[in-house]
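Below are my notes on the model you sent. They cover the ligand site and then two points of backbone geometry.

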Amino acid sequence: MATVLGCIADDFTGATDLAGLLARSGARVSLRIGVPTSPPTDTAPFEVIALKSRTAPQAEAIADARAALAWLQTAGAERFFWKYCSTFDSTAEGNIGPVAEALMADIGTDQTIYCPAFPENGRSIYMGNLFVGEQPLSESPMKDHPLTPMRDSNLMRLLTPQVRRDVGLINQPVVAQGTAAVRGSLDALRTQGTAHVIIDAVADADLETIARACRHLPLLTGGSAIAMPLPELYASDGWLSLDRTETGHAAPPARTVVLSGSCSSMTRAQVAAYIATGAPHYRLDPLALAQDGPRAVLEWLARQDLDKAPLVYATAAPASVKAAQACLGTEAAGRLVEDTLATCATTARDAGARRIIVAGGETSGAVTKALRVNRLDIGHEIAPGVPWTFCTSAGHDIALALKSGNFGTETFFTDALRILEAT
Ligand code: ADP
């Protein structure tokens, strides 16, 4: 089937989050990890390509996004979605804006929107300012993120240095007036030459209005939630039918490993709650890893009963992360942890693990790469934006849960196992 919406996500958990929300509609959603090397076959109405470009060098992020776009165009897509984090994770240079501008140029469009809001997960935008729960982004735990610390909450100030063309805002009072008002503002901004339009949203109803008003644009950008109304809208436009079939994936055997490389505050609470259940656990220390390599953790893992779903984690408080980064360098510390958790994943798989739960966006990227997984089918949601996914790795059927930083509640790891049992 020709692809109706071609999506490009800047990290793996962002891609699974988006795919999961699109799949809520009953539409078939396929997620490809990295730009596929062969031409499109067996395509779904919603194709999501997961890149690992959030913190990649800008030229690489742009090249990957353009290649993904070209593949999606070959798959028949005429509408596109550029997905980034609901906390607008980026550096002063990008990559959110530069990639959007490159995609706009290739698609041949002169305007797009930016709506990272995800009200169900507490991300809202008001007067261009992004909030995480009740806190402005820059006062939220995102200010301490190891790779993309967010020190400003104002999306216009964050986006402007990342793009060449003008940035504008459609604020919440306008959104509250409905679809026609948003469409009118969009057109007025276009006349003024405003290419990049940030749109406020504080509730799902706002997202519905925005999706209705903006669905004619060939490129939309945002967090996953703004894409959620699109399947129903496309169905009412007659572009696809929603058959609401179940995924049909049976839960694989219980042998499980849980891997956490996220240091987000919610993940820290999740790790603590999981340890409190009595689950076997091993804490990775980046300094010890730099000195002695991964032997100790791999030996520990080899001794574990995978039916007890052991946890390996590097998750640590900001002070401890900063100490490791000061000693090893931010990138090197991150890579060391990611490589080690990726090796734990393949080792556990070879020892019989058929369920792998990963916390951390970058960490999930490293794990899926090591498992050589290149396509995922989307299954049941564990928490908003985090579905179980099904794939094959080294000839084995594996269920993978990929969770980015602050998603899920404290009981996420046990929730994931319970939900898989119930399918
Ligand atoms: P999140 O989804 O919470 O952003 P990520 O996996 O994307 O999580 O990013 C966390 C980064 O921090 C990864 O690169 C990871 O390897 C790194 N990291 C994890 N634990 C530590 C630690 N104890 N010290 C330094 N860096 C760490």
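**Notes on the ligand site and backbone**

1. The shell around the ligand takes at least three residues from each of two domains, domain 1 (5–236) and domain 2 (256–422). The model is predicted, and the points that follow should be read on that basis.

2. The shell can also be broken down by residue class: 10 of its residues are nonpolar, 10 are polar and two are charged. Of the 22 residues around the ligand, those that come nearest are His145, Ser264, Glu338, Glu362 and Thr363.

3. Which residues place a polar atom beside an oxygen atom of the ligand? Ser264 does so through its side chain, with a polar atom 2.6 Å from a ligand oxygen. In Thr363, an N or O atom of the side chain lies 2.7 Å from an oxygen atom of the ligand. Gly405 contributes through its backbone, where a polar atom is 2.7 Å from a ligand oxygen. On its own the ligand has 570 Å² of accessible area, and the protein covers 96% of that area.

4. The ligand takes up the space of the second largest pocket. Three elements give two or more residues to the shell around the ligand: α12 (318–328), α13 (330–350) and α14 (361–370). Of these, which gives the most to the shell? The answer is α13, with four residues.

5. Away from the ligand contacts, one peptide bond deserves a look. Gly94 and Asn95 are joined by a cis peptide bond, with omega at about 15°. Asn95 belongs to the loop that runs between β4 (79–83) and α3 (96–107). Please inspect this bond in the model.

6. A second backbone point concerns Ala309, a residue other than glycine whose phi is positive, near 50°. Where is Ala309 found? The residue is in the loop between α11 (295–302) and β14 (311–313).

7. As background to the last two points, most peptide bonds are trans, and most residues other than glycine have a negative phi. The bond between Gly94 and Asn95 is cis, and the phi of Ala309 is positive, so both are listed here as departures from what most bonds and residues show.

Note on methods
Residues numbered from 1 in each chain as written. Predicted model: local features only at pLDDT ≥ 70, side-chain atom pairs only at ≥ 80, totals over all residues. Heavy atoms only, no water. Near = heavy atom within 4 Å. Polar contact = N/O pair within 3.5 Å; in protein donor to acceptor, adjacent residues only side chain to side chain. Areas by Shrake-Rupley, 256 points an atom, 1.4 Å probe, with all protein chains shown as cover. 1 Å grid on protein atoms, 1.4 Å probe; cavity = no way out; pocket = protein on both sides within 12 Å on 5 of 7 lines; lining within 4 Å. Sits in = over half its atoms within 2 Å of the grid points. Nonpolar A, V, L, I, M, F, W, Y, C, P; charged D, E, K, R; others polar. Domains from an automatic or database assignment.
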